[in-house]
Protein chains: 6
Amino acid sequence: MFYHSGKLQYQVRVDRPDPQFAKYLQQAIGGVEGEIRVAMQYFFQAMGARGDSKYRDMLMMTATEELSHIEFLGHAVALNLEGAPLTVQEDAARDPIVHAIMGGADPRHILSSGLSAMPVDSNGIPFDMSHVYASGNLAADMMANAMAEGSGRVLASRLYNMTDDAGMKDMLSFLIARDTMHQQQWLAVIEELGGMQAVLPIPNSTPTEHEATEHSYYFLNTSLDEPTPEGRWTSGPSLDGRAEFTVREKVEPLGQKPDLGRARPNSGTQIEQQ
Amino acid sequence: MFYHSGKLQYQVRVDRPDPQFAKYLQQAIGGVEGEIRVAMQYFFQAMGARGDSKYRDMLMMTATEELSHIEFLGHAVALNLEGAPLTVQEDAARDPIVHAIMGGADPRHILSSGLSAMPVDSNGIPFDMSHVYASGNLAADMMANAMAEGSGRVLASRLYNMTDDAGMKDMLSFLIARDTMHQQQWLAVIEELGGMQAVLPIPNSTPTEHEATEHSYYFLNTSLDEPTPEGRWTSGPSLDGRAEFTVREKVEPLGQKPDLGRARPNSGTQIEQQ
Amino acid sequence: MFYHSGKLQYQVRVDRPDPQFAKYLQQAIGGVEGEIRVAMQYFFQAMGARGDSKYRDMLMMTATEELSHIEFLGHAVALNLEGAPLTVQEDAARDPIVHAIMGGADPRHILSSGLSAMPVDSNGIPFDMSHVYASGNLAADMMANAMAEGSGRVLASRLYNMTDDAGMKDMLSFLIARDTMHQQQWLAVIEELGGMQAVLPIPNSTPTEHEATEHSYYFLNTSLDEPTPEGRWTSGPSLDGRAEFTVREKVEPLGQKPDLGRARPNSGTQIEQQ
Amino acid sequence: MFYHSGKLQYQVRVDRPDPQFAKYLQQAIGGVEGEIRVAMQYFFQAMGARGDSKYRDMLMMTATEELSHIEFLGHAVALNLEGAPLTVQEDAARDPIVHAIMGGADPRHILSSGLSAMPVDSNGIPFDMSHVYASGNLAADMMANAMAEGSGRVLASRLYNMTDDAGMKDMLSFLIARDTMHQQQWLAVIEELGGMQAVLPIPNSTPTEHEATEHSYYFLNTSLDEPTPEGRWTSGPSLDGRAEFTVREKVEPLGQKPDLGRARPNSGTQIEQQ
Amino acid sequence: MFYHSGKLQYQVRVDRPDPQFAKYLQQAIGGVEGEIRVAMQYFFQAMGARGDSKYRDMLMMTATEELSHIEFLGHAVALNLEGAPLTVQEDAARDPIVHAIMGGADPRHILSSGLSAMPVDSNGIPFDMSHVYASGNLAADMMANAMAEGSGRVLASRLYNMTDDAGMKDMLSFLIARDTMHQQQWLAVIEELGGMQAVLPIPNSTPTEHEATEHSYYFLNTSLDEPTPEGRWTSGPSLDGRAEFTVREKVEPLGQKPDLGRARPNSGTQIEQQ
Amino acid sequence: MFYHSGKLQYQVRVDRPDPQFAKYLQQAIGGVEGEIRVAMQYFFQAMGARGDSKYRDMLMMTATEELSHIEFLGHAVALNLEGAPLTVQEDAARDPIVHAIMGGADPRHILSSGLSAMPVDSNGIPFDMSHVYASGNLAADMMANAMAEGSGRVLASRLYNMTDDAGMKDMLSFLIARDTMHQQQWLAVIEELGGMQAVLPIPNSTPTEHEATEHSYYFLNTSLDEPTPEGRWTSGPSLDGRAEFTVREKVEPLGQKPDLGRARPNSGTQIEQQ
């Protein structure tokens with residue numbers, strides 16, 4: 001069950017409101033790299049967690065934190081929209097600066113939300129929940145979470161560079177910090193499970209006889225004219241410790257030429273296909 | 001530039017066509033865990049790759065392989081739809097087996113595609129390209145790729161269990177094998193870059209002064225009544241080697257109570273808000 | 001800032017797991033009538049609230065409650081999926097009951113989530129945040145909320161009828177009850193603002209001179225052959241108390257026949273259009 | 001069956017075409033507050049109407065009117081796009097005004113539609129029909145309609161402020177007027193059904209024994225530190241006349257700590273979860 | 001401006017209601033091959049029509065007809081849902097026929113719409129307006145329309161085969177007939193414009209100097225092992241009468257190996273990329 | 001099976017990078033008129049092709065070519081983003097030109113992709129695969145393909161006009177040329193099948209007795225006040241050679257007034273509807 005405090009998790013201050021930056025910040029709320037995504041992802045993973053219950057608790061605790069991140073980011077968007085133009089006069093419309101500010105803003109911040117945050121990205125596209133990755137597999141989910149936090153910290157770092165407002169920089173430095181922790185927190189679960197060698201290949205419960213293991217450890221060079229890019233993945237022990245990496249180049253297809261034959265009557269095709 | 005062979009990368013055989021399994025297989029084509037996603041993800045990552053060009057080549061080569069996976073899976077769907085009912089007679093409609101088969105099938109396999117694969121998931125939902133994660137950050141992208149392959153192998157393993165058709169099991173064992181390789185291939189890039197300690201936190205180019213590092217290494221317990229789940233993430237050195245993990249419990253908010261004041265005239269609110 | 005308790009807001013018990021009912025329940029989580037929608041709608045309305053701060057507090061408190069509803073519904077879905085088939089044998093595949101159960105289930109509950117809830121509706125369609133209505137106008141938002149709770153209680157009542165599991169009926173009776181309260185709670189705000197007459201027309205801040213009031217109070221019968229449906233809306237005082245309702249039938253258009261003339265060169269049209 | 005006149009329902013005149021305002025107007029066509037939504041919502045409600053047929057007729061008549069609104073708004077968009085730049089010269093590209101105009105325009109008005117309206121919102125996002133609320137419940141639908149018209153009039157009022165074109169202001173004043181009528185028209189149905197007390201709680205057909213009525217009339221304060229916002233919803237008779245409103249603060253969860261136990265074999269999880 | 005008659009364009013009769021066929025029929029309402037699409041496509045094309053106004057009129061007239069098709073199909077869906085189960089008893093839940101019927105139905109027909117049509121396809125996916133193709137180019141639009149009607153008649157023919165209800169077959173035979181007319185109607189515009197030779201290549205207003213015409217008339221065989229499929233497209237005069245078709249096989253790429261160099265500082269990449 | 005060369009199909013050169021044109025180019029990658037769509041459309045049509053296998057081969061060869069188009073367009077986007085601003089200083093933020101450039105750019109090119117192409121359109125909307133039309137009917141698919149190439153060439157021509165960069169114009173002239181070929185290539189299949197008369201009506205396999213042919217050849221004028229637009233579609237032989245075109249004006253509806261009666265108990269409606 002969830003509870004709430006009336007205060008924000010972190011202080012939000014905007015020294016000079018900027019409607020264009022409000023639009024940029026939306027990416028951190030409703031973008032695929034944003035906070036709604038991680039809040040909901042950890043929440044649904046927690047609800048589906050099976051096995052040691054401490055992972056469930058950990059997921060729910062951080063889901064709860066991410067809800068708080070949405071909250072202070074939402075406030076930051078609203079503060080950046082203070083003073084945005086709500087009416088147009090002829091002179092203003094001809095002023096290139098006013099025009100540019102309005103051109104760079106999200107029109108729905110004026111038309112739809114009344115100068116407030118929306119659950120959308122920086123192009124105004126609503127977040128959709130297909131991005132909530134929750135597979136029931138603990139290792140797959142931890143990878144998904146570390147990935148989400150990696151992309152989140154990339155985004156926060158880019159946002160930090162795109163503003164010179166001291167209040168916004170302060171808030172983003174907090175976000176960058178929490179994304180640092182969260183990245184490592186999920187990878188630490190993998191380390192605790194024995195590290196990459198133990199968890200790979202995901203799922204590690206798939207019986208070997210379900211796998212055509214003769215195809216499991218070669219890098220396939222599908223290029224007609226480029227040499228194989230050599231690296232850790234072309235030789236040496238596989239990361240799961242079960243085999244050696246090799247390379248296959250200029251391979252022939254292993255399968256047949258597909259042929260579905262003629263169409264059946266009643267199938268809605270042209271007569272010539274039947 | 002792309003080229004094509006008329007043959008499939010791997011042999012596809014269906015011993016007993018099953019329209020319901022055709023629907024399940026769609027998840028491996030057009031689901032978020034499927035092959036369109038990884039083909040396009042590696043393709044767009046390759047197009048945006050900056051830095052050592054071998055990663056670009058590697059991405060493009062595997063993108064090309066994933067296109068071939070779409071192709072043989074698409075053939076498998078079509079073969080599973082052979083013989084699906086295209087007309088209805090009264091008797092059949094009352095036969096529970098026929099009814100069940102048709103109820104469990106994707107109606108669009110009959111109505112829209114003419115018994116062929118579609119770029120949709122097992123609920124008939126079209127794949128959308130928002131799931132193509134390509135951030136320009138090499139480590140973030142490698143994590144995204146390892147995650148995608150992890151979820152892909154989870155899916156292929158579940159599909160393997162959901163059929164008893166020998167041909168389908170053979171094909172899926174090939175997919176499971178390639179997903180094994182691909183998971184490790186992307187993680188091997190991280191190992192080559194110095195391992196997790198070197199790449200974390202992603203992006204490792206963010207200057208320390210952009211980060212409120214006093215918030216970077218504590219696990220935040222946001223629960224009112226659950227103890228902190230202890231683990232690798234609550235003590236010991238951080239995975240990036242820069243600090244020690246700690247814990248904060250029952251923390252007070254650091255921010256203010258948000259207040260946007262009254263609404264401006266002309267903002268489309270009720271008078272009582274202004 | 002959000003906090004969490006490890007316990008559910010309400011007790012969840014499933015006496016006889018039913019994968020098909022798990023799919024139905026998804027509508028109450030990720031459907032447009034569901035809990036993610038109201039949780040996020042109240043949350044974003046709260047973040048954008050201007051005017052008397054008590055409405056902000058009220059919105060955030062109920063947003064928090066709705067998050068708890070997602071949580072116990074998610075647990076109910078998982079419990080209904082206990083025992084769902086994860087493997088297929090030839091005999092089973094021919095058993096109409098097994099086939100029917102699997103045909104009626106959401107395949108992604110098996111393939112994607114590992115027998116857990118997903119943020120999707122009963123057809124497996126992910127919730128998208130475009131359904132979060134938060135206009136910044138208090139009265140419009142209260143109407144949106146009352147509407148959402150109305151559709152939510154309709155849904156919960158239908159779900160109640162579609163199960164005979166005592167545990168599920170008990171849980172749904174709680175949901176029905178809370179939806180009763182929430183419907184009235186939002187309408188009570190309107191009553192407190194002076195009732196419908198005072199808040200209408202929304203927004204009540206639009207100056208009269210912005211409105212062609214000669215068109216504001218007639219019901220327009222656009223039918224060629226049906227009489228005007230008489231009722232409260234065809235005569236008597238308007239609900240905002242500003243005028244009398246009237247009716248217009250068989251009206252002629254007030255506008256011109258539209259004509260865009262010929263296309264400009266360079267506009268990508270056919271020559272014949274230019 | 002539908003018919004058409006060649007003339008527009010209302011006169012459309014644009015004195016000074018403005019591509020950026022064309023983009024803003026799209027919100028009134030294809031936004032969630034727009035005319036496609038209400039046209040289709042009333043149309044589908046009409047098709048599903050059960051009970052007194054006058055509501056069906058009323059819905060269909062207004063659906064038909066809303067189609068006419070799409071039509072004149074579409075013409076307004078095209079007229080605002082007259083003269084938009086279709087070619088670029090080097091000098092123009094360096095002119096900040098030209099750049100700003102093009103930056104503020106919807107690129108697809110030039111690239112995709114040939115200077116015409118599209119069924120999209122002001123960010124170019126296509127309308128999707130999930131926003132057509134038609135529940136089969138008359139009261140829920142009337143609330144949905146009043147809400148839609150409320151948000152529509154908020155939007156039209158904001159658009160009115162964002163232009164200084166006399167023709168556009170005239171057209172928008174007509175829209176504002178019709179939205180005034182439509183808001184009240186749907187609420188008048190509720191009044192005719194006996195008013196809010198009679199229709200609440202929606203659906204009023206749910207048997208009392210399906211509802212845990214001990215939870216139906218309290219406002220739940222989920223905040224840890226904010227006092228209950230007092231108002232019409234915290235005391236006094238409930239709006240449905242069945243009970244008194246009360247308040248619950250600092251409530252303990254009523255449910256259990258959820259626990260799904262260990263994962264089953266064959267479920268695609270990690271071994272450690274099983 | 002639109003008007004309406006209270007009667008349907010065509011008689012709808014359902015002899016034996018079938019919830020599963022109701023779901024199938026949804027494809028003809030809200031599927032990409034369905035009536036909402038063509039109604040809206042012709043409507044938006046009409047609003048953007050430039051050049052001879054008779055095409056605008058023609059488009060609007062048929063748009064109006066398609067609205068009437070939505071209407072009678074919507075009634076057909078509702079009639080097929082008459083008698084669908086709204087409550088569940090234990091025995092019924094174990095009856096394979098009941099289970100199969102419910103498994104094959106759209107759950108939202110019960111849960112969301114109250115046994116009525118929805119603007120969704122046969123998988124319950126809401127129609128989205130991105131499928132409204134209206135380019136401003138008359139020939140491109142006519143092709144889009146002929147295509148839409150082609151896919152519509154394919155769908156109607158398949159639906160005809162999937163029912164044995166005499167009333168439904170009668171209604172579908174009307175739809176098939178109108179799709180016959182509409183296919184030809186749009187192609188007749190092309191014939192009137194001079195036929196394919198005159199309208200091709202679309203747009204025929206593109207100046208020849210904007211086109212690298214040395215690449216305009218060869219079929220490119222990108223296969224490594226398949227011979228060129230010979231046909232009308234590999235030799236003989238081009239359909240636009242401007243050149244002869246030829247073939248290119250085993251072509252080398254004409255472009256460079258792409259290289260974006262190293263990443264810039266501040267771009268959120270890993271240090272190793274910079 | 002697919003293969004790849006390291007070189008681009010066509011040379012890409014950008015003389016003066018322009019972030020706004022990068023955004024425009026996205027329409028040609030991820031727009032409905034773009035290359036992902038045709039690549040995937042031909043790919044899925046090929047996988048479902050039944051009948052003469054040369055059409056399958058032809059589809060797959062051109063699908064492969066379109067993948068190469070995505071690739072060089074993706075490179076063009078990245079080159080146009082070279083030098084885009086990644087940091088903001090106070091002065092710059094006040095410079096109208098800088099502001100305009102950033103306002104006209106896609107913010108996600110900076111925030112999400114790290115200055116690279118994304119699988120989205122010019123408004124940043126991700127491509128979704130519902131636009132992959134593959135019906136199994138050869139003639140319907142050829143029409144869909146010719147349509148797609150028509151809209152593609154319209155788009156490429158408009159893009160050509162919207163840039164004055166010589167490198168970009170050169171690349172677009174290649175695209176225009178290939179779209180010329182592809183348009184004709186698909187229509188040539190129809191010609192080879194006997195021309196429009198032979199393939200119409202699509203599908204030509206629908207038995208005549210499934211069609212109410214008395215409704216198959218009249219143009220329906222649904223206007224109340226406009227004369228029938230006379231043309232090839234109002235008289236003369238039908239394009240399929242089976243009948244003569246005629247016209248019907250001021251037609252009365254053929255169907256009944258729809259009536260669903262009262263609602264059933266347990267259907268979640270208001271009592272007044274039951």
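A biologist asks about the terms used for this structure, and a modeller answers.

Biologist: What kind of model is this?
Modeller: This is a predicted model: local features need pLDDT of at least 70, side-chain atom pairs count only at pLDDT 80 or more, and totals for chains, interfaces and linings use all residues. Residues are numbered from 1 along each chain as its sequence is written, while chains are lettered from A and ligands numbered from 1 in the order in which they are written.

Biologist: Why is A:Asn221 called buried?
Modeller: A residue is buried if 20 or more other C-beta atoms, placed from the backbone, lie within 10 Å of its own; 12 or fewer means exposed, and in between is partly exposed. A:Asn221 has 24, so A:Asn221 is buried.

Biologist: What makes A:Ser223 buried?
Modeller: A:Ser223 has 20 other C-beta atoms within 10 Å. The definition asks for 20 or more. Therefore A:Ser223 is buried.

Biologist: Which residues does A:Ser223 touch?
Modeller: Contact means C-beta atoms, placed from the backbone, within 7 Å. Not counting residues up to four places away in sequence, A:Ser223 touches B:Met61, F:His4, F:Ser5 and F:Gly6.

Biologist: Where does UniProt place the feature "binding site"?
Modeller: The unreviewed UniProt entry places it at A:Asp57, A:Asn221 and A:Ser223. They spread over 167 residues of sequence and up to 46.6 Å between C-alpha atoms. UniProt positions follow the numbering used here, feature names are shortened, and annotations may be inferred rather than shown by experiment.

Biologist: How many residues of chain E are in contact with chain F?
Modeller: 93 residues of chain E are in contact with 94 residues of chain F.

Methods
Contact = placed C-beta atoms within 7 Å.
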